[in-house]
Amino acid sequence: MDTMSPPIRYLLLISADEEREPDIADGDGRRRFDAWMADLERRGVLRAHEGLHPSRTATTVRVRDGDVLRTDGPFMETKDQIGGFAVIECADLDEAVEIAAGHPAARFGQVEIRPLR
Amino acid sequence: MEDVTQANGAGDHAGPADHVGQANGAGAHAGHANSAETNAAPAEGAGADVGAAVAAAFRDEWGRVVATLIAWAGDWDLAEESAADAFAAALETWPRDGVPDRPGAWLTTTARRRALDRLRRAKTGDAKLRLLAATAGEGSGGSPVGRPDEPPGGPRERLDDDRLRLLYTCCHPALAFEAQVALALRTLTGLTTAEIARAFLVPEATMAKRLVRAKGKIRAAAIPYRVPPPAELPERTNAVLGVVYLLFNEGYGATSGDGLTRPELTREGLRLAALVTELLPGEPEPLGLLALLRLHDARAATRTSMDGELVPLEEQDRGRWDRPAIAGAVALLQRALTRERPGPYQLQAMIAACHAVATRPEDTDWPRIVRLYDQLLEHQPTPVVRLNRAVAVAMADGPAAGLAQVDAVAAELVGYPLLPATRADLLRRAGDHAAAATQYRAALAAAGNDGERRYLARRLAELTSG
């Protein structure tokens with residue numbers, strides 16, 4: 001029933017050591033990123049894509065017993081932090097993996113693929 | 001990781017498994033006496049012949065019906081439920097109407113109709129229902145080839161076998177290995193969740209959750225239902241080979257409480273292994289696995305005595321081994337070895353071949369077997385392979401040398417049933433009867449089935465009465 005399978009939307013959560021941000025912003029990394037973006041546009045799968053400011057700019061909010069608690073920083077303090085995300089709409093998980101593997105940060109960080117409801 | 005994940009190494013039936021008379025190399029002791037009957041229990045009064053026909057259809061057709069239904073409707077749970085419905089319907093109608101000429105076709109058609117009924121009740125969208133309804137009739141399925149009513153066709157047709165597609169999908173790398181194996185056993189062979197849980201040595205609830213999660217992930221993450229493209233085949237095939245080997249072992253070693261094996265599982269394992277070799281003609285490891293399975297299968301008839309006691313390798317009647325099958329398997333293995341890319345299955349097949357070509361037990365080339373285990377350890381540095389190697393060392397250099405090797409690995413094999421059995425066997429050979437008896441008692445307590453227990457009890461009786 002491949003013909004009637006609707007495309008699936010996936011969230012790609014791109015995370016890496018924030019110190020390595022220049023590895024994407026400059027030089028070869030930049031070229032790889034641009035090639036990745038061009039590939040997504042060619043496939044016509046990109047629904048959203050954003051880069052994030054570093055995790056030190058994050059604020060985490062919790063409500064406990066009616067109180068709004070604000071903390072400085074991300075909800076999890078780990079070396080690798082989410083630096084960007086993309087929403088893609090493609091055929092299946094194999095295509096999503098192929099796309100995720102093309103992101104330059106996958107070489108030193110990782111990309112988590114989550115199907116959207 | 002559970003015991004079953006050691007299948008690649010532990011499934012070596014030419015290792016301690018045979019020397020001590022234990023059949024189940026994978027350490028996966030499933031009781032299969034009540035095999036598929038949860039899904040299709042022959043009803044009381046249905047008539048023995050019809051009951052047997054349904055049971056036979058279940059063995060032969062379950063995997064095909066499920067695979068075809070998944071291909072058609074794209075829904076795993078629906079496929080399994082509808083297949084179970086179809087077998088239940090067979091139990092009702094076959095006694096009245098007779099067994100159909102082509103049971104597989106009847107079951108597939110019935111399963112499709114039941115699936116449509118289920119979808120209508122679930123108020124599935126009109127478009128999908130219309131499309132499915134249009135393809136529900138016999139002979140117009142969503143599956144292009146490999147329908148159950150078709151005899152095996154040429155290589156091209158068999159490459160498209162729905163079951164192979166199902167197998168590769170079950171072995172998708174986005175699923176954990178334990179989930180891959182469990183899913184393949186459930187969907188391809190119809191083993192019940194309880195049986196798979198026993199094979200994996202986990203509680204049934206754990207296994208049920210694992211299967212639900214795996215199917216949930218396939219659905220939500222849209223893991224595609226297909227044989228992967230050529231570039232990905234070698235990587236994906238490793239997982240498939242592991243599953244096929246486990247499937248074979250389940251049939252070969254799953255001697256249940258009353259001494260039965262499950263030849264349909266070994267058949268399915270042999271068939272799938274052959275299919276993978278056709279799909280990957282350039283790859284040596286599938287050939288190695290196929291050779292290994294055929295070597296094991298060639299002496300299957302001699303592994304159990306008339307009264308169900310396991311017969312260790314050295315006591316098997318070699319005159320009853322299937323010599324043409326052994327020659328064919330050795331030729332396959334040689335074909336694999338010409339590629340000069342050895343791997344764990346080729347090495348295990350080479351070890352099995354050492355046993356199979358020895359006319360008498362004393363003709364066995366044990367030093368060569370030790371060297372082959374050394375090579376196998378480079379690929380699979382597992383304690384079970386080291387235990388197998390220790391037995392070969394004992395046969396080559398004497399039981400004391402073997403026991404020292406067993407002691408060196410024992411701490412990593414606590415709770416492994418073949419550990420006391422192996423020790424007992426080597427101590428008996430060394431002439432230390434008191435220590436051997438203690439180990440036979442421990443092995444008896446851990447043994448998985450009657451065949452093993454009878455063998456161990458006989459050895460124990462020999463030691464303590466003499």
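**Exercise 1. The surface and build of chain B**

To what area does the accessible surface of chain B come, and what percentage belongs to carbon and sulfur atoms?

Solution. The model is predicted: local features need pLDDT of at least 70, side-chain atom pairs count only at pLDDT 80 or more, and totals for chains, interfaces and linings use all residues. Residues are numbered from 1 along each chain as its sequence is written, chains are lettered from A and ligands numbered from 1 in the order in which they are written, and side-chain values use heavy atoms, without hydrogens and water.

Step 1. The accessible surface of chain B comes to about 18000 Å², and 52% of that belongs to carbon and sulfur atoms. Such areas come from the Shrake-Rupley method with a 1.4 Å probe; for residues, only the protein chains shown count as cover.

Step 2. Of the 466 residues in chain B, 58% are buried (under 20% relative accessible area; exposed is over 50%, partly exposed in between; 1.4 Å probe, protein chains only).

Step 3. Chain B has 23 helices and 0 strands. Helices (H or I, at least four residues) and strands (E, at least two) are DSSP runs, numbered from the N terminus.

Step 4. Take the contacts (heavy atoms within 4.5 Å) in chain B between residues at least 6 apart in sequence: 68% of them join residues at least 24 apart.

**Exercise 2. Placing Arg459(B)**

Locate Arg459(B) and list what it touches.

Solution. Step 1. Arg459(B) belongs to helix α23 (residues 450-465) of chain B. Step 2. With a relative accessible area of 6%, Arg459(B) is buried. Step 3. Leaving out residues up to four places away in sequence, Arg459(B) touches Pro312(B), Glu315(B), Arg428(B) and Tyr440(B). Step 4. Gln375(B) is 84 residues from Arg459(B) in sequence, and their C-alpha atoms are 33 Å apart.

**Exercise 3. Aromatic rings**

Classify the pair Phe33(A) and Trp36(A), then find rings under a charge in chain B.

Solution. Step 1. The whole structure holds 7 aromatic pairs over all chains. Rings of Phe, Tyr and Trp (its six-membered ring) pair if their centres lie within 6.5 Å; planes under 30 degrees apart are stacked, over 60 edge-to-face, and the rest tilted. Step 2. The centres of Phe33(A) and Trp36(A) are 5.9 Å apart and the planes stand at 40 degrees, so this pair is tilted. Step 3. Both residues lie in helix α2 (residues 27-43) of chain A, 3 residues apart, about one turn of the helix. Phe33(A) and Trp36(A) are both buried. Step 4. In chain B, ring pairs join Phe58(B), Trp62(B) and Phe87(B) into a cluster. Step 5. The charged end of Arg112(B) sits over the ring of Trp72(B), 5.6 Å from its centre, and that of Arg299(B) sits over the ring of Trp321(B), 5.8 Å from its centre. Here NZ of Lys or CZ of Arg must be within 6 Å of the ring centre and within 35 degrees of the ring normal.

**Exercise 4. Strands of chain A**

Give the strand order of the open sheet and describe the hairpin of β3(A) and β4(A).

Solution. Step 1. The open sheet has 4 strands in the order β2-β5-β1-β6 (chain A), with antiparallel pairing (at least two DSSP bridges between two strands). Step 2. Its edge strands are β2 (46-51) and β6 (110-115) of chain A, each pairing on one side only. Step 3. Strands β1 (residues 8-17) and β5 (residues 80-90) of chain A run antiparallel, joined by 10 bridges; Leu13(A) has Phe85(A) as its bridge partner in β5(A). Step 4. Strands β3 (residues 59-64) and β4 (residues 67-72) of chain A pair in the antiparallel sense over 6 bridges. Arg64(A) stands opposite Asp67(A) in β4(A). The hairpin has 2 residues between the strands, and Asp65(A) takes a positive phi near 50 degrees.
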